[in-house]
Amino acid sequence: MRYLLQRFQRLLIVLAAVTFVTFLLVNVLPGDVAYEIAGMDSSEEEVQQIREDLGLNRPILVRYGEWVGGIFTGDWGRSYLSDEDVWESITDRFPVSFELMILAQILALTMAIPAGIVSAFRPNGRGDRLIGSVAFASVSMPSFMTAILLIYFFALYLGWLPATGYEPISSGLWENLRPMILPALSLALVEWTVLMRTLRVEMISVLQENYIALARAKGMPNYRILLVHALRPSSFSMITLLGLQVARLLGGTIIIEQIFGIPGVGRLLIHAVYTRDFIVIQGCVTFFALAFVTANFIVDIAYAWLDPRVRTGGAHG
Amino acid sequence: MADISQESGTKSYAATPDDKAAKHAEAIAHFKKRNKFGLYFWIPMVWLLFVLFCAVFAPLFGLPPADEIDWMYIKEGPNEVHWLGTDSLGRDMLSRIIYGGRVSLTVGFAAPFIGVGLGLILGMIAGYYRGWADEIIGIAIDTWLAIPGLVILLLFSVVFGGSLFMVCFSLGLLFIPTAARITRAATLNYAGREFVLAAKALGASDFRILTKEVFPNIIWPLIAFILIDIPIAIVIEGSLSFLGLSVKAPTPSWGGIIAEGREVLSTSPHIAMYPTLVMFLTVLSFNLVGDAIRRRLADVREGAI
């Protein structure tokens with residue numbers, strides 16, 4: 001319990017720091033948002049007027065306090081350009097990003113688990129080396145390049161899947177999933193290698209255990225040993241990693257959403273960056289940090305729950 | 001797996017001195033073999049040197065400038081005038097890829113050094129002084145890690161614009177947290193050692209202890225870390241320029257060319273495919289070379305201990 005409280009305290013400090021740094025960065029900009037709204041050929045008075053209206057002339061700490069206070073009450077401000085509520089536009093889009101991340105993780109797992117098992121079965125064997133090389137190559141392939149190749153092959157050359165677009169779940173499950181396959185695959189093709197390697201290493205050591213030798217001695221077939229007896233105890237690190245990766249994927253979805261035209265939070269952020277819509281940028285960054293920190297916190301809790309040694313916090317210092 | 005356990009079972013019974021000597025020789029031979037740079041090192045190395053050579057001596061090849069428009073060839077595939085064809089504005093692809101390589105390689109080398117340099121300083125301070133300095137640096141690092149890397153870069157590109165220096169610098173900042181953590185752990189390890197205490201007893205200043213006693217010991221893991229970071233930096237710069245948020249438009253960069261090529265992927269795929277191929281090979285080569293050097297470094301250090 002004390003361990004979790006400690007983590008939680010740290011989490012709050014980190015969030016405060018994130019919001020402050022973001023706010024500071026966005027608000028000390030040369031050429032603030034008033035110029036953006038006023039347009040190119042506006043007089044200095046007009047700009048001043050807009051500043052006055054938005055309350056931008058007040059001291060930065062006051063504005064920061066107001067904004068952070070608003071975060072707690074659900075008032076994240078309104079977009080300067082589209083006048084949309086920031087919190088609403090984020091929560092509207094987040095399920096889409098989340099679906100993409102989950103699909104990517106599922107695909108990554110379906111690649112990583114069989115590959116990891118085959119690799120661990122005969123370390124340094126032919127299968128292991130082949131999988132290792134493929135993994136090496138796919139790590140060297142950033143997701144946006146994978147996306148381009150996938151679009152070229154599956155959408156343009158074969159014409160099996162749409163190159164861009166998004167369908168809400170209301171128009172049918174398959175209709176919804178179809179345009180998500182390529183984006184999820186682009187992310188998964190980068191992520192699977194880490195999962196595979198973790199599983200492989202842990203499984204190799206599990207396969208040295210006595211009870212595996214016993215199972216072998218009994219004459220149990222290999223597939224049963226691997227799938228029933230070795231897989232579960234080998235997958236703890238991988239599951240932890242899975243949680244941490246969800247957090248990392250948040251960053252990865254940004255570029256993928258942009259390429260495939262998926263209306264998620266990442267796309268909202270990119271659009272805000274292109275149009276210099278600062279309050280939306282602020283909100284998105286805070287949201288990402290919040291999601292990231294929460295995901296990590298959940299992983300911590302899960303970890304403490306799985307492994308009592310962590311609860312005392314001694315090993316982590 | 002079954003035959004391995006059998007093998008080890010028989011070994012322990014039948015190990016005669018002769019066998020031992022043979023095993024030893026075999027182990028040394030294996031070590032040497034593992035330690036030698038093989039084809040997986042030299043082939044990527046040749047490619048990297050080739051890319052580097054092209055990037056450095058680009059102006060000497062008599063290529064058309066990267067932003068020169070050739071109205072005769074627009075969106076053409078490879079031909080005798082433009083070896084890799086032209087892009088949708090009629091600019092020479094070969095020239096653009098070579099000049100784009102300059103951006104990627106500059107960022108790839110500069111960013112890790114900036115990040116590791118700053119992380120080194122922070123990590124040594126945190127690990128050596130402990131106490132509140134450690135605490136503050138720890139929180140700063142956690143904060144930094146709480147924002148996804150690409151988001152930090154987006155933020156920086158908005159705030160500071162896209163000059164090559166700023167791209168290198170803000171990308172370098174991404175490598176600080178891990179570098180600082182590695183340094184901190186290593187510094188903690190060495191700060192309590194006898195030779196550091198001896199230096200302290202002799203009246204050496206903290207600065208001198210950190211630079212002359214601690215630094216030479218912790219530099220190796222950081223060099224390995226820089227080797228991992230180079231391809232990562234190239235990939236992230238690629239993502240950033242793919243989004244059009246790296247160096248400004250007329251300056252070619254690999255990610256930028258790929259983004260332009262994406263628009264015309266169905267009609268002229270070569271525009272996206274060539275830079276993709278070049279970038280893939282380069283990143284792969286950096287990974288392979290880095291891996292080989294890292295393994296060798298590890299072996300050398302194991303041997304030294």
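So, transmembrane regions. For chain B, an unreviewed UniProt entry lists residues 39-62, 109-129, 136-158, 164-183, 218-236 and 271-289 under that heading. Keep in mind that what we're looking at is a predicted model, and that those annotations may be inferred rather than shown by experiment.

How do two of those spans look in the model? Take residues 218-236 of chain B: the span is 100% helix and 0% strand, and its end C-alpha atoms sit 27 Å apart. Then residues 271-289 of chain B: again 100% helix and 0% strand, with 28 Å between the end C-alpha atoms.

Okay, on to the surface. There's a nonpolar patch on chain B, made of B:Leu49, B:Leu52, B:Phe53, B:Val56, B:Phe57, B:Leu60, B:Phe61 and B:Phe109. Together they have about 730 Å² of accessible area. Which helix gives the largest share of that patch? That's α3 of chain B, residues 39-56, which puts in four residues.

Let me pick out B:Phe57 from that patch. B:Phe57 lies in the loop between α3 and α4 of chain B, where α4 is 93-129. Its relative accessibility is 36%, and partly exposed covers the range between 20% and 50%, so B:Phe57 counts as partly exposed.

Now the inside. The largest nonpolar core has 129 residues, and the ones with the most contacts inside it are A:Leu269, A:Ile281 and B:Leu171. Helix α10 of chain B, residues 206-242, supplies the largest share of this core, 14 residues. There's also a second, separate core of 25 residues, and A:Ile117, A:Phe121, A:Met203 and A:Val206 are among them.

Let's zoom in on A:Ile281. What does A:Ile281 touch, leaving out residues up to four places away in sequence? On chain A, it touches A:Leu269, A:Ala272 and A:Val273; across on chain B, B:Leu155 and B:Val158.

Follow that contact over to B:Leu155, which is in helix α6 of chain B, residues 149-160. Buried or exposed, then, for B:Leu155? The relative accessible area is 5%, and the cut-off for buried is under 20%, so B:Leu155 is buried. Its contacts, with the same sequence neighbours left out, include A:Thr22, A:Leu25, A:Val26, A:Ile281 and A:Val285. One thing to watch when you're reading residue numbers: chain B has a 281 as well, B:Leu281, and that residue is 30 Å from B:Leu155, C-alpha to C-alpha, with their positions 126 residues apart in sequence.

Another buried residue, this time a threonine: A:Thr146, in helix α7 of chain A, residues 143-157. A:Thr146 is buried, with a relative accessible area of 7%. Setting aside neighbours within four places in sequence, A:Thr146 is in contact with A:Met141, A:Ser186 and A:Leu189.

Last bit, for the backbone people: positive phi values in residues other than glycine. A:Asn124 has phi near 65 degrees. A:Asn124 lies in the loop between α5 (86-121) and α6 (126-139) of chain A, and at 59% relative accessibility A:Asn124 counts as exposed. Over on chain B, B:Arg130 has phi near 50 degrees. B:Arg130 lies in the loop between α4 and α5 (131-146) of chain B, and with a relative accessible area of 40%, B:Arg130 is partly exposed.

Terms used. Residues numbered from 1 in each chain as written. Chains lettered and ligands numbered in written order. Predicted model: local features only at pLDDT ≥ 70, side-chain atom pairs only at ≥ 80, totals over all residues. Heavy atoms only, no water. Patch = residues over 30% accessible without salt bridge, like charges linked within 9 Å, V, L, I, M, F, W, Y side chains within 5 Å. Areas by Shrake-Rupley, 256 points an atom, 1.4 Å probe, with all protein chains shown as cover. Salt bridge = Lys/Arg side-chain N within 4 Å of Asp/Glu carboxyl O. Helix = DSSP H or I, 4+ residues; strand = E, 2+ residues; numbered from the N terminus. Buried < 20%, exposed > 50% of the residue type's maximum accessible area, 1.4 Å probe, protein only. Core = buried A, V, L, I, M, F, W, Y, C linked by side-chain atoms within 4.5 Å. Contact = heavy atoms within 4.5 Å.
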